Amino acid sequence: MKTMLSGVKPSGQLHLGNYIGALRNFVAYQDDYQMIVFIANLHCITVPQDPIELHTNLRDCIALYLACGLDPKKSIIFLQSDVMAHAQLGFIIGCHTYLGELNRMTQFKDKSSKGEQNLSSGFYTYPTLMASDILIYDADFVPVGEDQKQHVELARDVAIRMNNRYGPLFKVPECLTAKVGARIMSLSDPLKKMSKSDRDGDKGCIYLLDPLDKARKKIMSAVTDSLASVRFDKENQPGVSNLLQILSALTSEPIDSITNRYQSLGYGSLKKEVADAVCATLEKIQSRYKEILASGLIESTLSDGAYRAKILANAKLKLVQEKIGLEIETQ
Ligand code: TYM
């Protein structure tokens, strides 16, 4: 069975973009792959966090993983910091990554070009930890949204570089992005991706735990255009195209088929249908989420997941350390 690995960094609440771009795919794949899914809590602290809020977000993230349908009997689900080998291999990978490569990472470039002062060195080297997260499990595939592709590319480059230098160490992973929904855009500014760090009174972002009436309101007031024609044209009609993507991703109806149905219907009807689909999805997730919080399943999932992940990660770390000359046999 091939291995698939992914993670979410709950530095805020999980949103519809995380669900469509990532989470729903983890669930879809868990029957056919050895699925390894973790909560990237070390990645969260690359930017300042309030400890109490962070703790709540971590619990919510794992509860939402389970509420969306990840099954701890099928998938290995754990907290990144419970498996210390990630950080140790991350350091080794950092020693095989060039500054030029990190300088080219979009997220770093974006923040530093805006003149953000006080970026942490952890934020700068974050992609090397992410490469470690992936390579330590010999993942064949990494399902992510479009914004993470560049990081998976870096993991591939470093894997190839280290394999060439030391002999076979890592599997070279492939990045998997969905055809529809790999980049869900903000509802209030459809030229920007939907993001938990985007503060536009939160109008652009639907959180998975938003009350349904609030979520519906955000969709009904989504920014569209004045062309009055439902077409999938990301360049000229980004707002409408975003709504079409959301609807298609949640209902599995192809975008063409939706636009055909809308030849003589307006944006109001489209928004209503999108709002119905989003609310139906959120309602299901939220009711399961409440059951999970009360069930004790979070603790058992994390301890079992960490146990299983450590066996794989520690073995890989040992092999890498031996191959690069770090270990001294003591017995
Ligand atoms: P994060 O937490 O920013 O996002 C988690 C997943 O959600 C996807 N995503 C989106 N997809 C579609 N539309 C959007 N608007 C949208 N916003 C986010 C992301 O692409 C991602 O798949 N660095 C990672 C976490 C991570 C990781 C890893 C992922 C750490 N180590 C190893 C895979 C493998 C991150 O910050 O994702």
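Here is a short chat about a buried serine and an aromatic pair in a predicted model.

Student: Before we start, how are residues numbered?

Tutor: This is a predicted model, where local features need pLDDT of at least 70, side-chain atom pairs count only at pLDDT 80 or more, and totals for chains, interfaces and linings use all residues. Side-chain values use heavy atoms, leaving out hydrogens and water, and residue numbers run along each chain as its sequence is written, from 1.

Student: Okay, is Ser75 buried or exposed?

Tutor: Buried means under 20% relative accessible area, exposed over 50%, and partly exposed in between, using a 1.4 Å probe and protein chains only. Ser75 has a relative accessible area of 1%, so Ser75 is buried.

Student: Which side chain does Ser75 join in a polar contact of 2.9 Å?

Tutor: A polar contact is a pair of N or O atoms within 3.5 Å; within protein, one must be able to donate a hydrogen and the other to accept it, and residues adjacent in sequence count only if both atoms are side-chain atoms. At 2.9 Å, the partner of Ser75 is Gln30.

Student: What kind of pair do Tyr33 and Phe141 make?

Tutor: Rings of Phe, Tyr and Trp (its six-membered ring) pair if their centres lie within 6.5 Å; planes under 30 degrees apart are stacked, over 60 edge-to-face, and the rest tilted. For Tyr33 and Phe141 the centres are 5.8 Å apart and the planes sit at 80 degrees, so the pair is edge-to-face.

Student: Which residues form one aromatic cluster with Phe141?

Tutor: Phe141 is itself buried, at 16% relative accessible area. Its cluster partners are Tyr29 and Tyr33.
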